[in-house]
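Me: I have a structure open here and would like a close look at one part of it. Could you take me through the place where two neighbouring helices pack, and then show me how that fits with other spots in the chain?

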Amino acid sequence: MADSGRLFKRGSCLSTWLRARKARPQLILSRRPRRRLWTLRWCSRRRLRRRLLQAQAAGVDWREGVRQVSRVAAARRPKTAIPSPIPSPTPASEPEFEFEPSSRCPRLLPIPPVRPVGPGRALLLLPVEQGFTFSGICRVTCLYGQVQVFGFTISQGQPAQDIFSVYTHSCLTINALHYSMPEKSKKELKREARMLLKSHLNLDDRRWSMQNFSPLCSIVLLEHLKTTAVNFITSYPGASYVFVQESPSPQINPEHLALRSVGIRKEKKRKGLQLTESTLSALEEVVSVSCEEVDGCPVILVCGSQDVGKSTFNRYLINQLLNSLPCVDYLECDLGQTEFTPPGCISLLNITEPVLGPPFTHLRTPQKMVYYGKPSCKNNYENYIDVIKYVFSAYKRESPLIINTMGWVSDQGLLLLIDLIRLLSPSHVVQFSSDHSKCMPDLTPQYVDDMDGLYTKSKTKMRNRGFRLAEFADALEFADEEKEIPVEFTGHKLISVYTDFAFRITPRNRELHNKILRELSVLSYLSQLQPPMPKPLTPLHSLTPYQVPFNAVALRITHSDVAPTHILYAVNASWVGLCKIQDDVRGYTNGPILLAQTPICDCLGFGICRGIDMEKRLYHILTPVPPEELKTVNCLLVGAIALPHCVLKCQRGVEGIVPYVTTDYNFKLPGASEKIGAREPEEAHKEKPYRRPKFYRKMK
């Protein structure tokens, strides 16, 4: 009887609740105001979110309904009951809930509306100060308002920007910014926005945009992006996942389908790039100094151990500076992870366009470049310093300079960094640190003055020896009008930055990760050999190479001592630097011409020596360098930077035996077992056992 009574009561309560639900207004969302949101099941939360979206689309403030229910429920409660607090009002444009792990309180998140506007195109409406995190590649055009991507501001009327939010790095976010509001009514603003959208969208899409329009929102057009570099890199097995990744669970909602046609996927905010407070503070300080300094252009040196965010900071800083300045200079001193050139180079570049992706998506032609030939400067520090001095001499001090350094900051690496600070005399030193990086002393001006470097002495020792700092002026090889100005080391300002990442690269897989990034940079450079879009890709073995006589260029192996009888074996099927030396090599009748030591000379580009004709005494070189610059090339440098294995083993259209690939290889040849393409570990630079892929050098 007790059980039947309970069943009767439950059924009565349920029917009463159904009658009350049908009788109340449709926009009242909560049937029990005192019930906590986190006690709802997943299906109930989904139903609540759907009703919130319906209320927002109807243009009614759904919070009023919640407050009415709360007041009615409060009136029905006994007077002794403690009333539950009414939640603070939140913007109506934020309907999706997310829970804070600490307070267990719901927090509203934006759901930016997305609409397909044609094949491979989608329209994105972003409320002010809201973001859209995504993975993949696309072309972004700001039709109305103002957005920011990776520190670079894109306003209406500016050209479209190619954005690469790839798998190897953190996802990028399109953030809507505040923009100046003219003294116009909402109707006039809508009319102005409709005129801007007229040349990009059809009538139905413009109507949809105006229905969801708010005065402070930004309207962004996302387009499918296909470039020659993307097609070339993704044509190789194992590299297609870099740009676009398939969703682990297929979705069928309209938003996912619209973004999928563009080639991107919406990601959670925590997967996007997160900058710490110290990083943002350092960026603000450096940008303000660069834009307000009148006496001269600041020189910013960025240092720290591996995987602490130096490269990410440099890209963000470049984009921030390009918002106010026409150009930024960049000095690359990291041989293993170069930003704008293939690996193994020290270069000086003038950057005029934003960098909205990882290094292999924005290779540039430098003003001055030297091919060092190795991913590290181990056992050859003096040559490394000389090359930096040679490249730094081309800096004209007309725009701010950003200096990127190596991640080796322990033992001799720290002493080498002190030499660079004294040599380059930066005005600001941005030093990175994190919990997982090794402890590094603060590089204050006092510390740099008191410490001896590898090749420089402390300020006290130089003063005791009567050594004048102005004697460095000749070594830096400044321009003629600046040679009379003595070099005064007035010290620098140290900016300490602490970083922390959600995921970290462990020392165990760091070497493999860096090697993959270097191979992607080489593939990106080789993509310049391909015809422009929309022509199909051409296999490398079917391209016509340049024929270079033996007596027209000199040869040098930079990373190892190779016997003269084996020099052509080392050059054949290798990645070569096309350089220009001052010596004249045209006086030699026969070849090959061998150099006794590695010269410090300008590098104009790179290529592949795809074959050697011994009868006609010719090198066959594949290179994207234009013919007018090739006329000045008289030296070929071969270093430890190797071609990616996929270039030799995965060429399309090759039938039968693959050229240059074999299981029979003599590792006893000088230079045959040299460790190539791997970055030296930070701790003590110890050699590890390594077996080189079995390739043989085939000659015609």
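Reply: Happy to; what follows starts with one helix pair and then moves on to a second pair and two single residues.

Please keep in mind that this is a predicted model. For orientation, the protein chain has 700 residues, of which 48% are buried, and its secondary structure comes to 18 helices and 25 strands. Among contacts between residues at least 6 apart in sequence, 76% join residues at least 24 apart.

Let us begin with helix 4 (residues 186-197) and helix 5 (residues 203-211). Their axes lie 10 Å apart, and the packing angle is about 150°. Because angles over 145 degrees count as roughly antiparallel, helix 4 is roughly antiparallel to helix 5. The crossing of these two helices is right-handed. On the helix 4 side, the residues that meet the partner are Lys190, Ala193, Arg194 and Leu197, while helix 5 brings in Arg206, Ser209 and Met210. Sorted by class, the residues of this contact are three nonpolar, one polar and three charged. The spacing of such positions has a simple background: an α-helix has 3.6 residues a turn, so residues three or four places apart point the same way.

Staying with helix 5, its buried residues are Asp205, Arg206, Trp208, Ser209 and Met210. Arg206, Ser209 and Met210 thus appear both in this buried set and in the contact with helix 4. Helix 4 is one of the elements that cover the buried residues of helix 5, and the cover also includes strand 3 (114-116) and strand 4 (121-126). At the start of helix 5, a side-chain oxygen of Asn202 comes to within 3.4 Å of the backbone nitrogen of Asp204.

Now set a second pair beside this one. Helix 8 (residues 277-292) and helix 9 (residues 310-322) have axes that come within 10 Å and cross at roughly 40°. That angle makes helix 8 oblique to helix 9. Here, too, the crossing is right-handed. Helix 8 contributes Thr279, Ala282, Leu283, Val286, Val287 and Ser290, and these meet Phe313, Tyr316, Leu317, Gln320 and Leu321 of helix 9. This contact has eight nonpolar and three polar residues, with no charged ones, whereas the contact of helix 4 with helix 5 includes three charged residues.

Two single residues round off the tour. Val262 lies in helix 7 (residues 254-262). With a relative accessible area of 0%, Val262 counts as buried. Setting aside residues up to four places away in sequence, Val262 touches Gly120, Arg121, Ala122, Ile137, Cys138, Leu222, Glu223, His224 and Leu225. Its C-alpha atom is 9.8 Å from that of Gly118, although 144 residues separate the two along the chain.

The other residue is Ser399, found in the loop between helix 10 (381-392) and strand 16 (401-404). Ser399 is buried as well, at a relative accessible area of 4%. Its side chain makes a polar contact with the side chain of Asp329, at 2.9 Å. Beyond its neighbours within four places in sequence, Ser399 is in contact with Cys297, Cys327, Val328, Asp329 and Asn350.

Notes: Residues numbered from 1 in each chain as written. Predicted model: local features only at pLDDT ≥ 70, side-chain atom pairs only at ≥ 80, totals over all residues. Heavy atoms only, no water. Axes fitted to C-alpha atoms, helices over the stretch in contact; angles between N-to-C directions. Helix = DSSP H or I, 4+ residues; strand = E, 2+ residues; numbered from the N terminus. Parallel < 35°, antiparallel > 145°, perpendicular 65-115°, else oblique. Left-handed = near helix turned anticlockwise from the far one by under 90°. Contact = heavy atoms within 4.5 Å. Nonpolar A, V, L, I, M, F, W, Y, C, P; charged D, E, K, R; others polar. Buried < 20%, exposed > 50% of the residue type's maximum accessible area, 1.4 Å probe, protein only. Polar contact = N/O pair within 3.5 Å; in protein donor to acceptor, adjacent residues only side chain to side chain.
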